[in-house]
Amino acid sequence: MKRHFIITIISIAITTSTAFAQQPKWTKQAAKSVFTLKAFAADGTMTGSTNGFYIGESGEAVSSFTPFRGASKAIVIDAQGKEWDVEYLLGANETYDVAKFRTTARRTTPLPISSATAAEGSATWLIPYSVKKTPPATKGEISRIETFQDNYRYYTVSMTGMPENAMSCPLLNDAGEAIGIIQESAKTGGNTYHAVSTTFAADLKISGLSINDPVLRSTAIKKDLPDELNQAILTMYVAASTTDSATYASMVEDFIRKFPDSSDGYIYRAKINTEAKNFSAADRDMAQAIKVAEKKDEVHYSYSGMIYQKELYMSDSPYEAWSLDRAAEEAEEAYKINPLAIYRQRKAQIRFAQKRYDEAYDIYKDILTEGTRTAEIYYEAARCKEMTGDSTAMVAMLDSAINTFSRPYLKEAAPYLLIRAQRLSAMKEYRKAVADYNEYEHLMYSQLTDRFYYIRALVEMDGHMYQQAINDMNKAIEKNPKSTLYIAEKASFEVRLGLLDDAIETAKA
């Protein structure tokens, strides 16, 4: 009996020794990369849990995406039992249920990722999650390989004795390189499992338009900005009109953190500070933006516009360092660095706001003389002449604005036709005004309201274009039949034209 017991003990020891001897030498190191992940909704309830592993030395990791849906917070617990927050999502794919993210851990042990495709029949190893001890690796074999998106692999693996906590754990080759991520819905029956290529998850990234990605929008966990500056700027442009102010402000801080040598982030924050009437902070941001900018003229121009808008619309909140003269100085500084007409135009706009109309007109005249002859410049010059009472010069400038367009006119000409019609009407040039209104109607027909026809009817009546006036007033009434004003005006027209019976019927209405 004693001899049998000793043989049994020796047999167990030999079996255990053989099992551990068969373990790859890299098992202990690889186990340091694996963690467990837990995600939580805003109310603290858990949205899901799984595993994952590090692929970068600064907290970059991959896992399944499922737990992140509806989550506001996620944590990982590493092989040492330490807890780290998921700081940013770096990409996600719902079809293959993978996510790439960064944790707050800044010194992590990554698994090397295989650059080669594993072959059918080759050995694989699964490393499960374990705290403060090296778990045994489970051996398997690749039974099938499928290719998707041209470059990535989807593995079918035969494996006996897979641990229960193996989902989203790494699948490795004999060299200890990660070749796949065990799928949450991996088990298809028996000992067959599936894994998606690790390179696919590692290649996930945020683009400029990822902010509108419905998959990423399904989680409240922060998304990182793209690594490319131009893509990050695109993200910020979209975010300005699609996110709430708190989220946008947080994104601006992220932008400055990620691109400290880009002037854009400081300009974004300066605008936020200006809206909050924190002008001194905005001033500091713009000074930093100028300091780091490659194209300093553009930043001076932005600064000029910021001060200009503040002085126009927030003049009740004075800030000693900012004035319209300071805005003009910034525009002039931009022009000195790069003599663009748009910088001189800004200075002219500032002089106009200061009611220095002759000075503003002279700047516009110089711009036109130097060859920048746009409808906008002619129009702004016309406004200067209007303010000084020179109606003839004003109309001449408006004529020039419209002459920058060729017939048949496109919609871009419509605003200038409408402006000239209004000015001509004020000058009692009624028939000329009606001609412009007619051109405007042709271009903007689908967008016209009852108000347009009412105004043109009044001008037509003053121009003795009686039938046209009656017709337009009828159109105004047709578009807004409840307006007693239009009906009364029509009756007044009919009285003036001697159509008394018609006037009586209209008045009854």
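Biologist: Which residues lie nearest the centre of the second largest pocket?

Modeller: Keep in mind that we're looking at a predicted model. This pocket has a volume of about 300 Å³, and its lining draws at least two residues from each of α5, α6 and α7 (263–275). There are 13 lining residues, and those nearest the centre are Ala240, Tyr248, Tyr268, Ile272 and Glu275.

Biologist: Let's stay with that lining. How many of its residues are nonpolar, polar and charged?

Modeller: Sort the 13 lining residues by class. You get eight nonpolar, two polar and three charged.

Biologist: Tyr248 caught my eye. Is Tyr248 buried or exposed?

Modeller: Tyr248 sits in helix α6. Its relative accessible area is 14%. A residue counts as buried under 20%. So Tyr248 is buried.

Biologist: And which residues is Tyr248 in contact with, leaving aside neighbours within four places in sequence?

Modeller: Start with Met236, which is twelve residues from Tyr248 along the chain, with 8.0 Å between their C-alpha atoms. Remember that contact goes by heavy atoms within 4.5 Å, so that C-alpha distance alone doesn't settle it. Leaving those neighbours aside, the contacts of Tyr248 are Met236, Ala239, Ala240, Thr243, Tyr268 and Ile272.

Biologist: Now the largest pocket. Which helix gives the most to its lining?

Modeller: This pocket holds about 470 Å³ of space. It is lined by 21 residues, with Ile211, Lys223, Thr243, Thr247 and Met251 closest to the centre. Three helices each supply at least two lining residues: α4 (214–217), α5 (229–242) and α6 (245–258). The one that gives the most, with four residues, is α6.

Biologist: What about the inside of the protein: which residues have the most contacts within the largest nonpolar core?

Modeller: As a rule, nonpolar side chains in soluble globular proteins tend to be buried together. Here the largest nonpolar core has 52 residues, and the ones with the most contacts inside it are Tyr364, Met397, Met473 and Phe493.

Biologist: Pick Met397, then. Which residues does it touch, not counting those up to four places away in sequence?

Modeller: Met397 is one of the residues with the most contacts inside the core. With those sequence neighbours left out, Met397 touches Tyr361, Leu368, Tyr378, Ala381 and Ala382.

Biologist: How many residues are in the other core, the one that includes Leu225?

Modeller: This core lies apart from the largest one. Besides Leu225, its members include Val238, Ile307 and Ala328. The count for this core is 34 residues.

Biologist: Let's zoom out. What is the radius of gyration of the chain?

Modeller: The C-alpha atoms fill a box of roughly 135 × 60 × 40 Å along the principal axes. For a compact globule of 509 residues you'd get a value near 23 Å. The chain has 36 Å.

Biologist: Any backbone oddities? Which two residues does a cis peptide bond join?

Modeller: Look in the loop between α14 (391–403) and α15 (414–426), where you'll find Pro408. The cis bond has an omega of about -5 degrees, and it joins Arg407 and Pro408.

Biologist: One more on the backbone: is Asp150, with its positive phi, buried or exposed?

Modeller: Asp150 isn't a glycine, yet its phi is about 70 degrees. You'll find Asp150 in the loop between β8 (138–148) and β9 (152–159). Its relative accessible area is 67%, and exposed means over 50%, so Asp150 is exposed.

Notes. Residues numbered from 1 in each chain as written. Predicted model: local features only at pLDDT ≥ 70, side-chain atom pairs only at ≥ 80, totals over all residues. Heavy atoms only, no water. Core = buried A, V, L, I, M, F, W, Y, C linked by side-chain atoms within 4.5 Å. Buried < 20%, exposed > 50% of the residue type's maximum accessible area, 1.4 Å probe, protein only. 1 Å grid on protein atoms, 1.4 Å probe; cavity = no way out; pocket = protein on both sides within 12 Å on 5 of 7 lines; lining within 4 Å. Points joined across faces, edges and corners; volume = space filled by probe spheres on them. Nonpolar A, V, L, I, M, F, W, Y, C, P; charged D, E, K, R; others polar. Rg over C-alpha atoms; globule rule 2.2 N^0.38 Å.
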